[in-house]
Amino acid sequence: METNQDPQAKGTAPIVVKPLTEERMEDFATVVNPNHRENHCWCLSHRLSANEIRERGAGDRFEAMRSLSAEPIAPGVIAYRGGEPVGWCSISPRSQIPLLAKSKLIRPVDELEVWSIICMVVRSGHRRQGVNRAMLHGAVEYARDLGAPAVEAYPVGPAGRMDLTMAFVGTRKMFEQVGFEIVGVSDAQASKMPRLIMRKVF
């Protein structure tokens, strides 16, 4: 699946969004951890326990993520501009994100089997150029193509710029721009702000 998204996004080439597969693991690394730092999150914190990381990757978090990328439903999508990886969005069924599925702070609002966006990263040098919006379009289309009834996200609603260390959760405005609506407020916080529960239903 390849999706060209948001042709009005700033930049010299349209943004193409593709699911993370084994052959795209180095592109994923280019976005989230170009130096392959050993103890980096690799977007596994909500997905695999320490024991599962040892089982899947012999303790190597990159290799554990590679094992997830080989599964029928990818753990997320990568955004490319002109063939260069520029962004990462972690999206999959909520049921496949164990830490979120059993969270007491971000509880389900109903029994709908939603997909969840839990992290977004845009490479330095490519920010404030429309990458996030285009990537969200592509992530939503990926989920819809695989039968998702709805996609949820858990952003915050800052009055101004938010702390970059927590920017991975996204903002209310960002999700509203691609058709998400607020369906609840969680008990979780980021940058001392409550995390909203936003949803796009198909």
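**Figure 1. Ala 101, a partly exposed residue of helix 4.** Ala 101 has a relative accessible area of 38% and is therefore partly exposed. Three classes are used here: buried means under 20% relative accessible area, exposed means over 50%, and partly exposed lies in between, with a 1.4 Å probe and protein chains only. Ala 101 belongs to helix 4, which spans residues 98-101. Its C-alpha atom and that of Ala 159 are 29 Å apart, with these positions 58 residues apart along the chain. The structure is a predicted model, in which local features need pLDDT of at least 70 and side-chain atom pairs count only at pLDDT 80 or more, whereas totals for chains, interfaces and linings use all residues. Residues are numbered from 1 along each chain as its sequence is written, and side-chain values use heavy atoms, with hydrogens and water left out.

**Figure 2. The whole protein chain.** The chain contains six helices and eight strands. Helices (H or I, at least four residues) and strands (E, at least two) are DSSP runs, numbered from the N terminus. Their order from the N terminus is β-β-α-α-α-β-β-α-β-α-β-α-β-β. The radius of gyration is 16 Å, which agrees with the value near 17 Å for a compact globule of 202 residues. This radius is taken over C-alpha atoms, and the globule rule is 2.2 Å times the number of residues to the power 0.38. Along the principal axes, the C-alpha atoms fill a box of roughly 45 × 40 × 35 Å. Of the 202 residues, 49% are buried. The accessible surface is about 10300 Å², and carbon and sulfur atoms contribute 47% of that surface. Accessible areas come from the Shrake-Rupley method with a 1.4 Å probe; for residues, only the protein chains shown count as cover. Among contacts with a separation of 6 or more, 62% join residues 24 or more positions apart. A contact means heavy atoms within 4.5 Å.

**Figure 3. Helix 3 and its packing partners.** Helix 3 covers residues 61-69, and seven of its nine residues are buried. These buried residues are Arg 61, Phe 62, Ala 64, Met 65, Ser 67, Leu 68 and Ser 69. They pack against helix 1, helix 2 and strand 4 (84-93). An α-helix has 3.6 residues a turn, so residues three or four places apart point the same way.

**Figure 4. Leu 68 and Leu 48, two buried residues in contact.** Leu 68 is found in helix 3 and is counted as buried because its relative accessibility is 9%. Beyond its neighbours within four places in sequence, Leu 68 is in contact with Leu 44, Arg 47, Leu 48, Arg 56, Ile 73 and Pro 75. Its C-alpha atom is separated by 9.1 Å from that of Leu 20, 48 residues apart along the chain. Leu 48 lies in the loop between helix 1 and helix 2. With 11% relative accessibility, Leu 48 is likewise buried. Outside its neighbours within four places in sequence, Leu 48 has contacts with Ile 53, Arg 56, Ala 64 and Leu 68. The C-alpha atoms of Leu 48 and Leu 99 are separated by 8.4 Å, although the two residues are 51 residues apart along the chain.

**Figure 5. Two loop residues with positive phi.** Cys 43, which is not a glycine, has a positive phi near 60 degrees. Cys 43 sits in the loop between helix 1 (25-32) and helix 2 (50-57). Its relative accessible area is 11%, so Cys 43 is buried. Lys 192, also not a glycine, has a positive phi of about 65 degrees. Lys 192 is placed in the loop between strand 7 (181-190) and strand 8 (193-201). A relative accessibility of 78% makes Lys 192 exposed.

**Figure 6. Ala 150 in strand 6.** Strand 6 spans residues 150-153 and includes Ala 150. Ala 150 is buried, because its relative accessibility is 0%. When its neighbours within four places in sequence are set aside, Ala 150 is in contact with Leu 112, Val 114, Trp 115, Arg 199, Lys 200, Val 201 and Phe 202. From C-alpha to C-alpha, Ala 150 lies 8.7 Å from Ser 116, which is 34 residues away in sequence.

**Figure 7. The second largest pocket.** This pocket is lined by 15 residues, and those nearest its centre are Arg 94, Ser 95, Leu 112, Glu 113 and Val 114. On a 1 Å grid over the protein atoms alone, a pocket is an open set of points where a 1.4 Å probe fits, with protein on both sides within 12 Å along at least five of seven lines; lining residues have an atom within 4 Å of a point. The lining consists of eight nonpolar residues, one polar residue and six charged residues. Ala, Val, Leu, Ile, Met, Phe, Trp, Tyr, Cys and Pro count as nonpolar, Asp, Glu, Lys and Arg as charged, and the others, Gly among them, as polar. The pocket holds about 200 Å³ of space.

Conventions
Points joined across faces, edges and corners; volume = space filled by probe spheres on them.
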